[in-house]
Amino acid sequence: MIIPVILSGGSGTRLWPLSRSAYPKQFIPLNDEKSLFQQTLERMSGISGAGDALIVCNEEHRFMVAEQMRQLDITSLGIMLEPIGRNTAPAIACAALYALSKDKDAVLVVTPSDHVIRDNRQFVAAMSQGLESVDDGSLVTFGIVPDKPETGYGYIRKQDTSLSSGAFPVAEFVEKPDLETAKGYLASGDFYWNSGMFVFRADAYLQELEQFHPDILQATTRACELIKTDLDFLRLDKEAFNACPAESIDYAVMEKTAKSVVVPMDAGWSDVGSWSALADVSVEEGNNGNVLQGDVLIKGVSNSYLRSENRMIAGIGLDNVIVVETADAVLVADKSHVQDVKGIVEELKASGRCEYISHVRVYRPWGNYETVDECDRFKVKRIVVNPGASLSLQQHHHRAEHWVVVKGTAQITKGEKEILLTEDQSVYIPLGTKHRLTNPGLIPLEIVEVQTGSYLGEDDIVRFSDEYGRDNC
């Protein structure tokens with residue numbers, strides 16, 4: 001049983017302001033109409049013999065994962081929820097333990113969900129080569145054939161002699177080098193970029209983990225023994241998982257084991273770890289080195305990435321810059337300084353600002369909402385409810401709400417009454433009244449909501465019933 005394992009726990013802070021902790025880069029269409037997560041799902045389904053994927057993700061992102069899979073009509077072996085991020089070694093251990101409960105001979109194909117791979121044929125060929133190397137208990141990693149002296153990646157040095165499968169025993173893992181060292185790595189031909197992708201038998205990985213990091217295996221075993229099924233989700237036990245050490249698979253296992261081998265991969269790979277990296281994989285011939293997305297006008301601009309999400313961007317006389325516009329933030333950076341974006345996010349976090357967490361448009365399991373205007377004692381929102389979806393039955397202590405239907409059909413619970421509204425009709429929900437909003441139709445329901453009251457925070461909610469199992473959001 002070949003089980004794709006897709007790791008989707010990252011926050012993608014280096015692609016702020018587009019990527020945010022509540023809506024990270026793997027769920028955003030960055031270089032394609034589909035998100036990186038959706039591209040990963042389709043890519044993994046192309047591996048010969050692979051079954052449904054097991055997704056490991058942050059609990060906060062569970063409904064985005066489910067919705068993006070639904071859009072592709074792709075099913076999963078399960079969506080495993082981490083109550084807190086503990087890096088890749090524990091995440092993969094939980095996946096391996098769950099896989100063994102399905103098949104004692106399970107083989108895992110592990111990949112992050114936020115990478116770009118432009119040549120799927122070469123990707124599948126490398127994966128097939130890796131699968132040939134696991135029968136003897138080898139732990140296979142994939143080394144990207146470098147095409148430049150990159151200082152932003154870790155490297156893997158291969159041994160000289162290849163195995164019968166074409167893989168090479170790993171000589172060492174090395175940290176991100178300086179430029180001169182990276183040039184030497186490139187010239188030698190013995191070094192690959194560390195891709196963060198792996199293939200191995202589930203039991204082989206756990207055996208090595210038990211040898212080198214038994215505390216991780218103990219904690220994850222307990223978390224999986226107490227796993228709970230919730231809708232389509234697999235909830236790891238919070239107390240057990242939170243007690244697990246946070247460690248990457250490289251540090252915990254791959255750098256220590258004698259069983260690690262590397263398969264070269266030359267498939268147009270990028271981890272899209274910065275705006276300049278995204279520009280590199282998005283640039284088209286004949287556009288003066290520019291990538292222009294959204295409503296963008298330029299004059300005398302070269303080698304630049306300009307992206308508009310809401311308003312027009314006009315660029316004049318620019319070279320080697322990044323400009324990214326969202327509804328509530330604009331990033332302007334020289335390409336050579338894009339790694340410093342993470343520092344801006346840390347400053348936002350330290351100062352208690354919300355721009356690092358979420359966008360003006362906030363996604364919920366039933367759809368999304370966007371704050372249009374806000375002032376003392378009133379707030380205006382645009383709310384979109386997906387077909388067949390429903391908000392919780394709830395009430396507010398400090399605000400009343402006015403709803404105007406602008407598109408679709410709304411089924412509304414107001415106290416003991418059930419009301420059906422169509423376009424251009426409205427309803428008033430008094431303060432303290434139990435209410436629910438449902439879309440019974442086949443198209444998205446769009447309403448304008450006007451809140452009035454003494455307190456308009458999102459935490460002013462008493463939820464009586466909720467089909468998504470939420471306590472508060």
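**A sheet, a helix pair and two pockets**

Visitor: What is the strand order of the open sheet of four strands?
Guide: Keep in mind that this is a predicted model. The pairing in this open sheet is mixed, and the twist averages 5° from one strand to the next. Read across, the four strands go E14-E16-E18-E19.

Visitor: Which are the edge strands of that sheet?
Guide: Look for strands that pair on one side only. One such strand covers 291–293 and the other 330–334. Those are E14 and E19.

Visitor: Which residue in E16 is the bridge partner of valine 291?
Guide: E14 and E16 (residues 305–308) run parallel, and three bridges join them. Follow the bridge from valine 291 over to E16 and you land on tyrosine 305.

Visitor: Are H6 and H7 parallel, perpendicular or oblique to each other?
Guide: The axes of H6 (residues 202–212) and H7 (residues 214–225) come within 5 Å and cross at roughly 120°. Angles from 65 to 115 degrees count as roughly perpendicular and those over 145 as roughly antiparallel. The pair is therefore oblique.

Visitor: Which residues of H7 does H6 meet?
Guide: On the H6 side, the contact uses Leu206, Leu209, Glu210, Gln211 and Phe212. By class, the contact has six nonpolar residues, one polar and one charged. The H7 residues they meet are Pro214, Ile216 and Leu217.

Visitor: Which element gives the most to the lining of the largest pocket?
Guide: This pocket holds about 1500 Å³ of space and is lined by 46 residues, with Arg14, Asn87, Thr88, His115 and Asp271 nearest its centre. Elements supplying at least two lining residues each include E1 (2–8), H3 (88–102) and E9 (191–201). With four residues, the top contributor is E9.

Visitor: How many residues of that largest pocket's lining are charged?
Guide: The lining divides into three classes, with 15 residues nonpolar and 20 polar. The charged ones number eleven.

Visitor: Which element gives the most to the lining of the second largest pocket?
Guide: Here the volume is about 1300 Å³, and the 42 lining residues include Ala22, Arg361, Val362, Tyr363 and Arg364, the closest to the centre. Helix H2 (62–72), strand E20 (361–364) and strand E21 (367–375) each supply at least two lining residues. The biggest share, seven residues, comes from H2.

Visitor: And how many charged residues has the lining of the second largest pocket?
Guide: Go through it by class: 14 of the lining residues are nonpolar and twelve are polar. The charged count is 16.

Terms used: Residues numbered from 1 in each chain as written. Predicted model: local features only at pLDDT ≥ 70, side-chain atom pairs only at ≥ 80, totals over all residues. Heavy atoms only, no water. Axes fitted to C-alpha atoms, helices over the stretch in contact; angles between N-to-C directions. Parallel < 35°, antiparallel > 145°, perpendicular 65-115°, else oblique. Contact = heavy atoms within 4.5 Å. Nonpolar A, V, L, I, M, F, W, Y, C, P; charged D, E, K, R; others polar. Pairing = 2+ DSSP bridges. 1 Å grid on protein atoms, 1.4 Å probe; cavity = no way out; pocket = protein on both sides within 12 Å on 5 of 7 lines; lining within 4 Å. Points joined across faces, edges and corners; volume = space filled by probe spheres on them.
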